Amino acid sequence: MTTPSSTTTSSPTAVNAPGAPDRRNSLGPVGLVLGAGLSVQFGAALAVSLMPRAGALGVVTLRLIAAAVVLLVVCRPRLRGHSRADWGTVVVFGTVMGAMNGLFYQAADRIPLGAAVTLEVLGPLALSVLASRRALNAVWAALALGGVFLLSGGVGGFGDLDLVGVAFALGAGAMWATYIIFSARTGRRFPQADGLALAMAVGALLMLPLGVAESGAKLADPTTIALGSSVAILSSVLPYTFELIALRRLPASTFAIMMSLEPALAATAGFLILGQSLSAAQAAAIAMVIAASMGAVRTQVGRGKASPAPEA
């Protein structure tokens with residue numbers, strides 16, 4: 001699952017001119033991005049282990065509230081001086097953020113973490129393919145669909161995967177694609193991470209009634225609060241910080257390709273923390289979706305170099 005800074009663009013100083021990037025300078029940012037990905041997925045695995053105690057919606061609520069508090073304290077966003085369109089954008093962004101997290105956690109409660117992230121990543125992949133409009137992207141789309149076919153167990157359906165969980169994961173993918181669009185719009189309207197902090201607060205407020213309805217007084221348990229706060233730190237605060245630092249020196253295209261590794265990181269976290277093993281076919285399916293995501297990003301980057309547009 002994406003982290004808040006997944007749509008941030010790199011600064012012109014991210015690549016050393018005029019030659020190739022200095023590998024020594026890029027090694028640190030690459031490590032930070034990998035650390036961010038591991039943090040996100042291990043945070044998701046911790047969230048799954050917390051669900052029997054607080055429920056999927058309860059965990060989402062705790063995560064969003066804790067992350068919102070941290071971001072609001074750190075960013076201290078201005079509440080004045082914004083237009084009605086600004087507030088409309090940040091409210092939609094926050095609503096999408098809450099829906100994305102809620103749907104994903106419902107999926108992770110029903111199907112293995114690696115499968116959930118693999119299906120979820122189809123949303124950004126579809127967005128990338130549609131945005132590029134190049135014939136080569138039909139290859140990447142076919143590869144991704146082949147991976148989903150393998151993951152489903154063939155013609156007979158989704159094998160032993162819970163169909164409701166599959167639907168939730170696909171819904172989370174659609175919300176992830178929408179999240180990317182409104183993250184960019186919010187970034188253009190609000191300075192620094194102000195828009196993110198406000199959107200996180202909106203998402204937390206919207207999820208609060210659902211979390212209370214599902215979990216009730218369980219959300220007030222000190223142990224549950226502590227674990228939920230840990231999920232927020234692992235899944236939101238640390239990844240955002242790592243990626244923000246990394247993107248100052250790492251090309252955005254490299255960053256996007258590394259984000260394609262999320263399904264593999266999720267499968268690793270699910271295996272190590274939750275004991276969720278993958279069959280050979282499921283592992284191959286995840287590898288195919290990762291390859292399709294990387295290929296789509298590379299195609300999009302190549303198109304941008306061939307005919308630069310005013311906006312990425």
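## Close-ups of an all-helix model

**View 1. Serine 39 and the residues it touches.** Leaving aside residues up to four places away in sequence, serine 39 is in contact with Ile233, Leu234, Ser235, Leu238 and Pro239. Keep in mind that this is a predicted model. Serine 39 sits in helix 1, which covers residues 23-54. Its relative accessibility comes out at 8%, so serine 39 counts as buried. Look for the polar detail here: the serine 39 side chain reaches the backbone oxygen of leucine 234 at 2.5 Å. Leucine 234 also turns up in the list of residues that serine 39 touches.

**View 2. The whole protein, for orientation.** How many helices and strands does the protein have? The count is 12 helices and 0 strands. Read from the N terminus, the elements go α-α-α-α-α-α-α-α-α-α-α-α. Of the 312 residues, 47% are buried. Take the contacts with a separation of 6 or more: 89% of them join residues 24 or more positions apart. The protein exposes about 14200 Å², and 67% of that comes from carbon and sulfur atoms.

**View 3. A nonpolar patch on the surface.** Ile65, Val69, Val70, Val73, Val74, Leu208 and Val212 make up a nonpolar surface patch of about 550 Å². Helix 2 (56-75) and helix 8 (194-215) each put in at least two residues. Which helix gives the most to the patch? That would be helix 2, with 5 residues. On the helix 8 side you can pick out leucine 208. Its relative accessibility is 34%, which means leucine 208 counts as partly exposed.

**View 4. Glycine 211 up against glycine 58.** Stay on helix 8 for this one, since glycine 211 is found there too. Glycine 211 has a relative accessible area of 0%, so it is buried. Now check its partner: glycine 211 and glycine 58 are 153 residues apart in sequence, yet their C-alpha atoms lie 4.2 Å apart in space. Beyond the residues up to four places away in sequence, glycine 211 touches Leu57, Gly58, Thr61, Gly216 and Leu219.

**View 5. Aromatic pairs.** The structure has 3 aromatic pairs. One of them brings together tryptophan 87 and phenylalanine 190 in an edge-to-face arrangement, with 6.3 Å between centres and 70° between the planes. This pair bridges distant parts of the chain, 103 residues apart: tryptophan 87 belongs to helix 3 (residues 84-108), while phenylalanine 190 is in the loop between helix 7 (163-189) and helix 8. Are the two rings' residues buried or partly exposed? Tryptophan 87 is partly exposed because its relative accessible area is 30%, whereas phenylalanine 190, at 3% relative accessibility, counts as buried. Another pair joins phenylalanine 104 and tyrosine 105: the ring centres are 5.9 Å apart and the planes meet at 65°, so this pair is edge-to-face as well. Phenylalanine 104 and tyrosine 105 are both buried.

**View 6. Arginine 76 and its positive phi.** Arginine 76 has a phi near 45°, a positive value in a residue that isn't glycine. For background, most residues other than glycine have a negative phi. Where does arginine 76 sit? It is in the loop between helix 2 and helix 3. With 69% relative accessibility, arginine 76 counts as exposed, because the cut-off for that label is over 50%.

**View 7. Arginine 53 with aspartate 221.** A search of the whole structure turns up 2 salt bridges. In this one, arginine 53 pairs with aspartate 221, and the closest N and O atoms are 3.4 Å apart. Arginine 53 is in helix 1 and aspartate 221 is in the loop between helix 8 and helix 9 (222-246), so the bridge ties together parts 168 residues apart in sequence. Arginine 53 is partly exposed at 38% relative accessible area, and aspartate 221 is partly exposed at 29%.

**View 8. Aspartate 86 with arginine 189.** Here aspartate 86 forms a salt bridge with arginine 189, with 2.7 Å between the closest N and O atoms. Since aspartate 86 lies in helix 3 and arginine 189 in helix 7, the pair ties together parts that are 103 residues apart in sequence. What is the burial state of each partner? Aspartate 86 is buried, with a relative accessible area of 10%, while arginine 189 is partly exposed at 37% relative accessibility.

Key
Residues are numbered from 1 along each chain as its sequence is written. This is a predicted model: local features need pLDDT of at least 70, side-chain atom pairs count only at pLDDT 80 or more; totals for chains, interfaces and linings use all residues. Side-chain values use heavy atoms; hydrogens and water are left out. Helices (H or I, at least four residues) and strands (E, at least two) are DSSP runs, numbered from the N terminus. Buried means under 20% relative accessible area, exposed over 50%, partly exposed in between (1.4 Å probe, protein chains only). A polar contact is a pair of N or O atoms within 3.5 Å; within protein, one must be able to donate a hydrogen and the other to accept it, and residues adjacent in sequence count only if both atoms are side-chain atoms. Contact means heavy atoms within 4.5 Å. Accessible areas come from the Shrake-Rupley method with a 1.4 Å probe; for residues, only the protein chains shown count as cover. Patches are made of residues with over 30% relative accessible area and no salt bridge: like charges are joined within 9 Å, nonpolar side chains (Val, Leu, Ile, Met, Phe, Trp, Tyr) within 5 Å. A salt bridge is a side-chain nitrogen of Lys or Arg within 4 Å of a carboxyl oxygen of Asp or Glu. Rings of Phe, Tyr and Trp (its six-membered ring) pair if their centres lie within 6.5 Å; planes under 30 degrees apart count as stacked, over 60 as edge-to-face and the rest as tilted.
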